[in-house]
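Student: I should like to examine how the descriptive terms applied to a protein model are justified. May we take them one at a time, setting each value against its criterion?

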Amino acid sequence: MAKGTIRQKPDGKWLARLARSVAGGEQRPSRTFATQAEAETWLDVMNKEVARARRGQPGDTLRAWGEAWLDQREGRGLSYPEGDRGRWRRFIADGPLGKLSLRSVTPPRVAAWAEWLAQQPRLRQAEGGGYAPDATRKVSRQTQVHARNLLRSALDAAVLAGRIPANPAARIKVVPQDAGVDDEAWTWLTLEEIAQLLACEDVPEPARLLYTVAIYTGLRAGELWALRWERIRLHGLHPQITVAKSNMRRSTKSGKIRAVPLLPAAAEALLDWHQLTGEPIEGLVFPGTDERQRPCGDDHGWADRSRGKQGVQRGHRSTAGIREGVRFHDLRHTCASHLLQGSWGRRWTLEEVRDFLGHSSITVTQKYAHLGAQRLHEAAAATRRR
């Protein structure tokens, strides 16, 4: 029998809470569900997760715990094997926290680790293949956030398994409050650059159609690569995409399936691509080699590539004359930015963009809120004096 409590709230929803003896700490994980059956299922799953973690009892160090935890996540399709493993080994296992026992990982040590993390160099493509540290540039704030969240999730699992009483990384910030905005995280294409990219005949038509879909749907790269024709409705009053997977995950990044209404430009691009590919009724929309799903990190030829002695292979970004700092992921930023600015018609609200892009919470969407600053100044200037 699952250990915990389930009770109905005044609003009719059901609250499930894990038992304190199972959680192993002062904070007891809980969630609210629409039905009692959903609450019971969640409670049962949580009890099994804790039991599985306790049976494993991996080594006492943070490094050993994390490796075993990543194995479990990958077995359930909840992580990017390459990305999460790489970040874990580089920033956590091989960093100042890796050799510490779980109980020795304290908030002051995690705070010191965050300062160390901010000083780590970025990696750049080296001649002859592979990557090398770039001493002139530090890791981006987004990279720091990914590493911090990975550490926090691993320690949350340790709390649930009864290995530590509380998560020492729960309130650690990745950079000081006055460190400013990471410019790379705010990069997006202007309207002029979008037109320039999509009109460039030197960029193959399949790539231009893909970039159109990426810009006007805001899908993550992994969601694009996992997208299937069976989940696209191109005709009727409400054309839409159903986003159910991301990369090799069994679900999306947030774990939720979402319906994405198709903006006209995205619908037209998908219709053209559907015709070019023989109007398939099933299968991957943007497959890679041998019709297989593209791997994590694939950008469909967007960025330049070093080919060692053969020199640099120009990517579609350079071919179209787009500035160097724009990454493939910034096509997603482009979508959010123009929706919030009202560039394509009505100005969308933060809540609408959150749901459209599949953000985990409104706080993630709020990073784009600075885009409305100019509109506020314009509104203030247009306001009459008394």
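Student: Why is the contact between Arg294 and Asp298 called a salt bridge?

Tutor: In this predicted model, the closest N and O atoms of Arg294 and Asp298 are 3.3 Å apart. The criterion asks for a side-chain nitrogen of Lys or Arg within 4 Å of a carboxyl oxygen of Asp or Glu, so the pair of Arg294 and Asp298 qualifies. Both residues are buried. The structure holds 14 salt bridges.

Student: What makes Arg258 and Glu223 a salt bridge, and where in the chain do the two residues lie?

Tutor: Their closest N and O atoms are 3.1 Å apart, and the limit is 4 Å, so the term applies. Arg258 belongs to strand S8 (residues 258–261) and Glu223 to helix H9. With their positions 35 residues apart in sequence, the pair links distant parts of the chain.

Student: How do you know whether Arg258 and Glu223 are buried or exposed?

Tutor: Buried means under 20% relative accessible area. Arg258 has 10% and Glu223 has 1%, so both count as buried.

Student: What are the burial classes of Asp71 and Arg85, and what distance supports their salt bridge?

Tutor: The distance from N to O is 2.2 Å, which is within 4 Å. As for burial, Asp71 has a relative accessible area of 47%; partly exposed covers the range between 20% and 50%, so Asp71 is partly exposed. Arg85, with 12%, is buried. Asp71 lies in helix H3 (residues 62–75) and Arg85 in helix H4 (residues 81–93), 14 residues apart. The two also belong to a network of salt bridges that links Glu67, Asp71, Arg85 and Arg89.

Student: What makes a set of residues a nonpolar core, and which residues have the most contacts inside the largest one?

Tutor: Members must be buried, come from a fixed list of residue types that includes Leu, Ile, Phe and Tyr, and be joined through side-chain atoms within 4.5 Å. The largest core meeting this rule has 47 residues, and Tyr211, Leu224, Ile241, Leu270 and Phe286 have the most contacts inside it. Helix H8 (205–217), strand S7 (240–243) and helix H10 (264–276) are among the elements that each supply at least two residues. The largest share, eight residues, comes from H8. Leu224 touches Leu210, Val213, Ala214, Leu219, Phe286 and Phe328, leaving aside residues up to four places away in sequence. A second, separate core has 29 residues, including Ala154, Ala157, Ala161 and Ile172.

Student: Why are S6 and S8 said to stand at the edges of their sheet?

Tutor: The sheet is open, with three strands in the order S6-S7-S8 and antiparallel pairing. Strand S6 (232–233) and S8 each have a single partner strand, so one side of each is left without a neighbour in the sheet.

Student: How do you know that S7 is paired with S6 and with S8?

Tutor: Pairing requires at least two bridges. S6 and S7 share two bridges, and S7 and S8 share four, so both pairs satisfy the rule. Both are antiparallel. Arg233 has Gln240 of S7 as its bridge partner, while Thr242 stands opposite Ala259 in S8. S8 has a covered face, Arg258 and Val260, and an uncovered one, Ala259 and Pro261.

Student: Why is Pro239 called buried, and what does it touch?

Tutor: Its relative accessible area is 17%, and the cut-off is under 20%, so Pro239 is buried. Pro239 is found in the loop between S6 and S7. Its contacts, not counting residues up to four places away in sequence, are Arg233, Leu234, Pro261 and Leu262.

Student: Why are the buried residues of H5 said to line one face?

Tutor: The residues concerned are Val110, Trp113, Ala114, Leu117 and Ala118. Viewed down the axis of H5, they fall within an arc of 135 degrees, so they line one face of the helix. Helix H5 (residues 107–118) has twelve residues and reaches 17 Å from its first C-alpha to its last, close to the expected 16 Å.

Definitions and conventions:
Residues numbered from 1 in each chain as written. Predicted model: local features only at pLDDT ≥ 70, side-chain atom pairs only at ≥ 80, totals over all residues. Heavy atoms only, no water. Buried < 20%, exposed > 50% of the residue type's maximum accessible area, 1.4 Å probe, protein only. Contact = heavy atoms within 4.5 Å. Expected span 1.5 Å × (residues − 1). Arc of directions from axis to C-beta.
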